[in-house]
Amino acid sequence: MRIAFARAGNSPIAACVRSGGISLIGSLVRKGSLVLFSGEIEGSLRLTCDRCAEEYEHRLNEPVELLISDGIFDTQGEEEQPLAVVEMSDGMIDMEAILASEVQSIICDYHRCKKCSAI
Ligand SMILES: [Zn+2]
């Protein structure tokens, strides 16, 4: 799902994308020069436990809030943003790319399977 930046206004528009058993569902609303996505990520992901190296099914159900910039986000002169800023290049909000980067950051985290987190 790709949404033109110009479509994001003061009233939220629905945005959702689904890929590989994971859904990102939420809405987009204009925040100054940026667009705020708020919603949640749901589904399940196969992860490898960092302790015992066993694969396990990780259930996802987490809130996601991030800002989207049309082009390179210039932090100079802008207020410090508490949220991550995702940069888009062609005037379009690419929901697949946002989902992929969210999934990537989850994969890069430290994980423990159920057995290990119970220790
Ligand atoms: Zn483990």
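Two residues are in contact here if their C-beta atoms, placed from the backbone, lie within 7 Å. By that rule, Ile93 touches Arg2, Ile3, Phe5, Leu28, Val35, Ile68 and Met88, leaving aside residues up to four places away in sequence.

A word on the source: this is a predicted model, in which local features need pLDDT of at least 70 and side-chain atom pairs count only at pLDDT 80 or more, while totals for chains, interfaces and linings use all residues. Residues are numbered from 1 along each chain as its sequence is written.

Ile93 also appears in the largest nonpolar core, where Leu28, Val35, Phe37, Ile68, Ile93 and Met95 touch the most other members out of 15 residues. Such a core is a set of buried Ala, Val, Leu, Ile, Met, Phe, Trp, Tyr and Cys residues joined through C-beta atoms within 7 Å; buried means 20 or more other C-beta atoms within 10 Å of the residue's own, exposed 12 or fewer, and partly exposed in between. These elements each give two or more residues to the core:

| Element | Residues |
|---|---|
| Strand 3 | 22-31 |
| Strand 4 | 34-48 |
| Strand 5 | 55-70 |
| Helix 1 | 95-108 |

Helices (H or I, at least four residues) and strands (E, at least two) are DSSP runs, numbered from the N terminus.

Now to the sheet: five strands form an open sheet in the order 2-3-4-5-6, with mixed pairing. Strands pair if DSSP finds at least two bridges between them. Strand 2 (13-19) and strand 6 (85-88) are the edges, each pairing on one side only. Strands 5 and 6 run parallel and are joined by four bridges; Asp70 has Met88 of strand 6 as its bridge partner.
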